[in-house]
Amino acid sequence: MFTSWGVETVKAFAEAELASILEALDGEDYGVILRAKGIVPCAEGGWIHFDYTPGEMDIRKGGADFTGRLCVIGSGISEEGLKTLFGV
């Protein structure tokens, strides 16, 4: 059974920091993660849009949104672990 975890955040992320976070999702430390996506403020200015599936990620600059949003979909998700990983 799949569940999802989502949160709104004003936290700004550096692109390298976000890439490192998404790479950490490849293990099973946070559950079996099938998909993650979001729009977050970029520490260097602007906004970052990202998509993740196991072994693959896409991080790109994009248009602004009202607030940052993160969504993770998978099985056996560790919500507390994800909060710590993303720092939200």
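## Strand pairing

How many bridges join β2 to β5, and which way do the two strands run? In this predicted model, seven bridges join them, and the strands run antiparallel. One residue pairing shows the register: I39 has R69 in β5 as its bridge partner.

The sheet as a whole is open and built from five strands in the order β1-β5-β2-β3-β4, with antiparallel pairing. β1 and β4 are the edge strands, each pairing on one side only. From one strand to the next, the twist averages 10°.

## The β3-β4 hairpin

β3 and β4 also run antiparallel and are joined by seven bridges. Within this pair, I48 stands opposite K61 in β4. Two residues lie between the strands of the hairpin, where G55 takes a positive phi near 80°.

## Helices on the sheet

α1 lies across β2, β3 and β4, and runs at about 155° to β4. α2 packs on the sheet as well, touching β1 and β5, and its direction makes about 35° with that of β1.

The buried residues in α1 are L18, A19, I21 and L22. Seen down the helix axis, the buried residues of α1 fall within an arc of 160°, so they line one face of the helix. An α-helix has 3.6 residues a turn, so residues three or four places apart point the same way. The buried residues of α1 pack against β2 (32-41), β3 (47-53), β4 (56-62) and α2.

## Nonpolar core

The largest nonpolar core has 20 residues, of which L18, L25, V72, L82 and F86 touch the most other members. α1, β2, β3, β5 (68-75) and α2 each supply at least two residues of this core. In soluble globular proteins, nonpolar side chains tend to be buried together.

Leaving aside residues up to four places away in sequence, L25 touches Y30, I33, A36, Y52, L82 and L85. L82 thus appears both among the contacts of L25 and among the core residues that touch the most other members.

## Aromatic contacts

There are two aromatic pairs. One of them is F13 with F86, an edge-to-face pair with 6.4 Å centre to centre and 80° between the planes. F13 lies in the loop between β1 (3-9) and α1 (15-24), and F86 in helix α2 (residues 79-86), so the pair ties together parts that are 73 residues apart in sequence.

Both phenylalanines, F13 and F86, are buried. Together with W5, F13 and F86 form one aromatic cluster.

Key: Residues are numbered from 1 along each chain as its sequence is written. This is a predicted model: local features need pLDDT of at least 70, side-chain atom pairs count only at pLDDT 80 or more; totals for chains, interfaces and linings use all residues. Side-chain values use heavy atoms; hydrogens and water are left out. Rings of Phe, Tyr and Trp (its six-membered ring) pair if their centres lie within 6.5 Å; planes under 30 degrees apart count as stacked, over 60 as edge-to-face and the rest as tilted. Helices (H or I, at least four residues) and strands (E, at least two) are DSSP runs, numbered from the N terminus. Buried means under 20% relative accessible area, exposed over 50%, partly exposed in between (1.4 Å probe, protein chains only). The arc is that of the directions from the helix axis to the C-beta atoms. Contact means heavy atoms within 4.5 Å. A nonpolar core is a set of buried Ala, Val, Leu, Ile, Met, Phe, Trp, Tyr and Cys residues joined through side-chain atoms within 4.5 Å. Two strands pair if DSSP finds at least two bridges between them. Axes are lines fitted to C-alpha atoms, for helices over the stretch in contact, and angles run from 0 to 180 degrees between N-to-C directions.
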